[in-house]
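Colleague: I would like a close look at one part of this chain, with its packing partners described before you move on to the rest. Please take it slowly and keep the reasoning visible.

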Amino acid sequence: MIWQIVKKIGLTLVRNPQQLLLLLGLPIILIAILGAALGNVMNGEEVTIDAKVAIIEHGDEVEQVNRFANDIKNSGVPLERVEAIQAATGELAPIKLLKESVFGSEGLKELVQLESAKPSEREIILNDDSYTAVIEVPENFTYHTLQNFFGMGDGETSLNVSRNEGKQLGSTIILEVLQQFQEQLSLTSFVGEKGISMEAIQVDTEAISGEITTIDQTQPVTAKNYYAIGMAVMNVLFLASTIGSYAFLEKRLHVFNRIILANVSRWVYFSGVLIAGTVFGFLHLLIVFGVSWILFGVAWPNILAFLIVTFGLAIAVGGLSVLLTAISYRINSELVTNFFQSIVITIIAFLGGSFFPIGDTSKTIQFIGNLTPNGAGMTAYLSVLRGEPISSIWEHVIFLCLFSVTIVVIAALSFPKRGQTA
């Protein structure tokens, strides 16, 4: 009789092609979309940046350098120090360094288009959306910076930066570059003020010898691999709510009552729903991952470990199916099934990392995510995909089995007794 119940649920799924297409087609479509959209971020691929930056100088740097040199000459400083400072002044002009050594370096000159502009062009440039950032150099910036370099000034110097919020990535990178440039200027100023040689604080990389050893020998996980797992473990949960809905429909149509009147134990029906959820959950995962292998090249290095995880997750789906059925029968409403399908699945999919590896940001979130069936299944699948030993998945598989046993017990306690099924 149990087999007949499983067969009946299977035929109900097959006779509803729209629902079947949604269960099987939706994860495939989501894998393709998310894998392509977030491929660069997930795979760590190089992101192309084309930043256009304008520098507006409110003053002549050469004139400020010469003025500082004259001040040094007329300050009564010993001749040897005057000559040393004058020799270094030309090399320490900050805006010249920014243009030639920073934005003109090999790493940035291909990414950043640097343009010099006059103060009269400021408003036009700020209203031009093609610019990623605009750097304004205040009057006497170089003069005061040189004073700070050689311990002759106590004022702060700063550049004014206007960022284009529409080019967030590029403007953020430009800001980071300027912050590092400012830190380098501060370090140079401190060294000059304390009379420390720059060679004393630099590391001689050629004097460092060592051997590079690769510790992590696991295989990398691509975006297509990640989202194949994420969408599969999320969408298989919809199968549980679908089976729960079909089972409650049978109650409304008095099919369940006729089974009871035929002197068939309610536990037979209970067991049939449990086995149906497990079997069809297992088949659902095999089909989704099979199509992912054909279309996206998602291959499993250890088939046995893959099948163990799939079976563990399928048992959890079977348990959820019978729990939703039991509660729906108990309260005589599809409210719980609808709530699970529309709200709960989305929440646990987010916590489990189906949409993004949120667990990488916090160990606490990762722990909570692994307490969900999809999160535990996803972590185990990722371990298999990375080529980790089969021992690394047992913790999650055991959790899935215990999770299933727990909710099956809850479902058994919630399942209505004979006489409570009308």
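Which residue takes a positive phi just after α17, and about what value does that phi have? Please set the answer within an account of α17 and its surroundings.

Modeller: The residue is Gly 387, which takes a positive phi of about 85° just after α17. Please bear in mind throughout that this is a predicted model. As background, most residues other than glycine have a negative phi.

To begin with the helix itself, α17 covers residues 373-385, and because its 13 residues should span 18 Å at 1.5 Å a residue, the 18 Å between its end C-alpha atoms agrees with expectation. Twelve of those 13 residues are buried, so α17 is largely enclosed by the rest of the structure. The buried set begins with Pro 373, Asn 374, Gly 375, Ala 376, Gly 377 and Met 378, and it also includes Ala 380, Tyr 381, Leu 382, Ser 383, Val 384 and Leu 385. For the chain as a whole, buried residues make up 42% of the 422 residues.

One partner of α17 is helix α14, residues 303-331, and the two pack at an angle of about 175° with their axes 9 Å apart. That angle makes α14 roughly antiparallel to α17, because angles over 145 degrees are counted in that way. On the α17 side, the residues that meet α14 are Pro 373, Gly 377, Ala 380, Tyr 381 and Val 384, and each of these is also in the buried set of α17. On the α14 side, the contributing residues are Ala 305, Phe 306, Val 309, Thr 310, Leu 313, Ala 316 and Leu 320.

A further contact at α17 involves Leu 385, which is touched by Asn 225. Asn 225 has its place in helix α11, and it is buried, with a relative accessible area of 11%. Not counting residues up to four places away in sequence, Asn 225 also touches Gly 297 and Val 298.

From α14 the packing can be followed to helix α15, since α14 and α15 pack at an angle of about 140° with their axes 8 Å apart. That makes α14 oblique to α15. Here Leu 320, Leu 324, Ile 327, Ser 328 and Ile 331 in α14 meet Val 336, Thr 337 and Phe 340 in α15. Leu 320 thus appears in the contacts of α14 with α15 and also in those with α17.

Helix α15 itself, residues 335-352, has 18 residues and reaches 24 Å from its first C-alpha to its last, close to the 26 Å expected at 1.5 Å a residue. There is a kink of about 40° in α15, centred on Gln 341. The buried residues of α15 are Thr 337, Phe 340, Ile 345, Ile 348, Ala 349 and Gly 352, and among them Thr 337 and Phe 340 also meet α14. Just after α15, Gly 353 takes a positive phi of about 90°, and just after α17, as already said, Gly 387 takes one of about 85°.

Thr 337 leads back to α11, residues 223-252, which holds Ser 245. Leaving aside its neighbours within four places in sequence, Ser 245 is in contact with Glu 334 and Thr 337, and at 17% relative accessibility Ser 245 counts as buried. Helix α11 therefore has Asn 225, which touches Leu 385, as well as Ser 245, which is in contact with Thr 337, and both Asn 225 and Ser 245 are buried.

Helix α14 has one more reference point in Ala 314, whose C-alpha atom is separated by 9.5 Å from that of Cys 401, 87 residues apart along the chain. Cys 401 has its place in helix α18, residues 394-414, and at 29% relative accessibility it counts as partly exposed.

As for the wider setting, there are 18 helices and four strands in the chain. Residues 24 or more positions apart account for 82% of the contacts with a separation of 6 or more. The chain exposes about 22,700 Å², and carbon and sulfur atoms supply 59% of it.

How values were computed:
Residues numbered from 1 in each chain as written. Predicted model: local features only at pLDDT ≥ 70, side-chain atom pairs only at ≥ 80, totals over all residues. Heavy atoms only, no water. Expected span 1.5 Å × (residues − 1). Bend = angle between axes of the 7 residues up to and from the residue. Buried < 20%, exposed > 50% of the residue type's maximum accessible area, 1.4 Å probe, protein only. Contact = heavy atoms within 4.5 Å. Areas by Shrake-Rupley, 256 points an atom, 1.4 Å probe, with all protein chains shown as cover. Axes fitted to C-alpha atoms, helices over the stretch in contact; angles between N-to-C directions. Parallel < 35°, antiparallel > 145°, perpendicular 65-115°, else oblique.
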